[in-house]
Amino acid sequence: MGSPVEPNALFELPEGARVPRPARGGRPRHVGGTSIRHVPMPEPVLPVRPEPHQHDGPPLAGMEEVGTGLLDHVDAMQRVAASAPPGPLLINAGPGTGKTHILTRRIAYLVAELHVPASQCLVLARTTEAADALRRELDGLLGPVADDMTVRAFDAAGELPPLGHLFVDDLEHMPIRLYETLRADRGDQPAFTATGDPDAHIADGEPGPFERFAQDYPEARVVRLSRNHRSTAPILAAAMQLITPVSRAPGRGMLPARPAAGTAPVGRHFALDDRDERHFAGQLAERLRPFGVAPDEVAILAPEGYTGIDTARPITSAAGREHRVVCCVGVTAEAFPDEPGFRRLLFAAMSRARDLLYVSHIGNGSPLLDDIDPGLFTPFGHVRGHRSQPEQPRLL
Ligand SMILES: Nc1ncnc2c1ncn2[C@@H]1O[C@H](COP(=O)(O)OP(=O)(O)OP(=O)(O)O)[C@@H](O)[C@H]1O
């Protein structure tokens, strides 16, 4: 954490706002019957690190692993997933529940504890970046033994060697052709572990590999993980309220594993116009720097066609990553209409955030935001129809 700062200097919005604004604490301005009040950006509240659940301290009593200790620091359902026998296994869980984390520990556990030969392990991930991350993690867990494994990205799979133990991360993103090839090559070969989240698949349409796995391996074990290790409670609650109406895993709950203390609501930035929004997003990393946030820990995610912020990335590329701070810009009714695909896209982006989440829009914003309790937001900027007191947030 950086040293304390004068809040006024950092969190006033730009002087460039072209419409005169009321003095702080002054009466709201009225534009076309809508009241607009200027509210400065709140100071960020950043959790103290390391948090208790991330400590490398002693594991829960009675949960110590004998032997390699590979599963000492995982939660109970993660342990069930990691230590299941090699037969077909589907780890079906929402974002941030540790699917990737536990897949690497499962592979390491099978190799180190159950003597599965590393040379018989084929590990497939969605992108080259994800495959590299899996490779690094496996190297860290297993050392040189991991060199004998084949780890590839889906699009670099090429001719796959016929290895006995198949591990797939993010099955819902696997091209159906690749899935079918794997299935045809392997027949009913049961040593297949896959992770996936049906809600992470944005498009509707034909059943994808995730649904096919359930049909092709009816005897598969399914393990559901329900503790989210990534996001603070308000971020998780907002993301869950957004996805619930269209979730392909109805009734699935996720509880935050991280402590609730010292967490901030989701910042909702009401921009006056394009220039105001671009100024806010362009300055965000600088505004957070004094609080100990490095610029590369801030991800600005924008919808298709959104220009004017050098550091912004397409929101469609959000999946599979994790950022300390996420700011979704351009969350307007036009860019994010109330349709399942847009809801999933915004959900995928919001659920990437660890400590701080902002959404920004001109006007009233996307109707999708109306499905999130107002009490989970801190509105700021040129707030329309401002409420003076946030409502009580709904429990997860
Ligand atoms: N048992 C655990 N203890 C502490 N941190 C954990 C635990 N499990 C996972 N994490 C951390 O939680 C975060 C999310 O984990 P991971 O990326 O594996 O989740 P995921 O389900 O694959 O996410 P997504 O599907 O959104 O990509 C990571 O920072 C990971 O290190």
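**Note on helix packing, domains and the ligand shell**

1. The axes of H3 and helix H4 (residues 128-142) cross at roughly 40° and come within 10 Å of each other. The structure discussed in this note is a predicted model. An angle over 35 degrees but below the range of 65 to 115 counts as oblique, and H3 and H4 are therefore oblique to each other. The handedness of this crossing is right-handed.

2. Which residues bring H3 and H4 together? From H3 come Thr104, Arg105, Ile107, Ala108, Val111 and Ala112, and from H4 come Leu134, Glu137, Leu138, Leu141 and Leu142. By class, the residues of this contact are 8 nonpolar, 1 polar and 2 charged.

3. H3 also packs against a second helix. Helix H2 (residues 76-83) and H3 cross at roughly 45°, and their axes come within 8 Å. H2 and H3 are therefore oblique to each other. The crossing of H2 and H3 is right-handed. On the H2 side the contact is formed by Gln78, Ala81, Ala82 and Ser83, and on the H3 side by Ile102, Arg105, Arg106 and Tyr109. These residues divide into 4 nonpolar, 2 polar and 2 charged. A reader tracing H3 may note Arg105, which is listed in the contact with H2 and also in the contact with H4.

4. The next pair is H7 and H9. Helix H7 (residues 233-243) and helix H9 (residues 340-350) have axes 9 Å apart and pack at an angle of about 165°. Are these two helices roughly parallel or roughly antiparallel? Angles over 145 degrees count as roughly antiparallel, and H7 and H9 are therefore roughly antiparallel to each other. Their crossing is left-handed.

5. In the contact of H7 with H9, Ile235, Ala238, Ala239, Leu242 and Ile243 of H7 meet Arg343, Leu346, Phe347 and Met350 of H9. The residues of this contact comprise 8 nonpolar, no polar and 1 charged.

6. The domain assignment of the chain gives domain 1 (7-47 + 254-384) and domain 2 (54-228). Domain 1 is thus written as two stretches of the chain, 7-47 and 254-384. Where the domains meet, 13 residues of domain 1 are in contact with 17 residues of domain 2.

7. Which elements give two or more residues to the side of domain 1 that touches domain 2? They are strand S10 (255-256) and H9. H9 gives the most to this side, with 6 residues. By class, this side of domain 1 has 9 nonpolar, 3 polar and 1 charged residues. H9 thus appears in two settings: in the packing with H7 and on the side of domain 1 that touches domain 2.

8. The last topic is the ligand. How many residues surround the ligand? There are 20, and the closest are Pro95, Gly98, Lys99, His101 and His229. The shell draws at least three residues from each of domain 1 and domain 2.

9. Helix H3 (residues 99-112) gives the most to the shell around the ligand, with 3 residues. The shell as a whole has 3 nonpolar, 12 polar and 5 charged residues. H3 should accordingly be viewed with three sets of neighbours in mind: H2, H4 and the ligand.

How values were computed:
Residues are numbered from 1 along each chain as its sequence is written. This is a predicted model: local features need pLDDT of at least 70, side-chain atom pairs count only at pLDDT 80 or more; totals for chains, interfaces and linings use all residues. Axes are lines fitted to C-alpha atoms, for helices over the stretch in contact, and angles run from 0 to 180 degrees between N-to-C directions. Helices (H or I, at least four residues) and strands (E, at least two) are DSSP runs, numbered from the N terminus. A crossing is left-handed if the near helix is turned anticlockwise from the far one by less than a right angle, and right-handed if clockwise. Two residues are in contact if their C-beta atoms, placed from the backbone, lie within 7 Å. Ala, Val, Leu, Ile, Met, Phe, Trp, Tyr, Cys and Pro count as nonpolar, Asp, Glu, Lys and Arg as charged, and the others, Gly among them, as polar. A residue is near a molecule or strand if its C-beta atom, placed from the backbone, lies within 6 Å of it. Domain bounds come from an automatic or database domain assignment.
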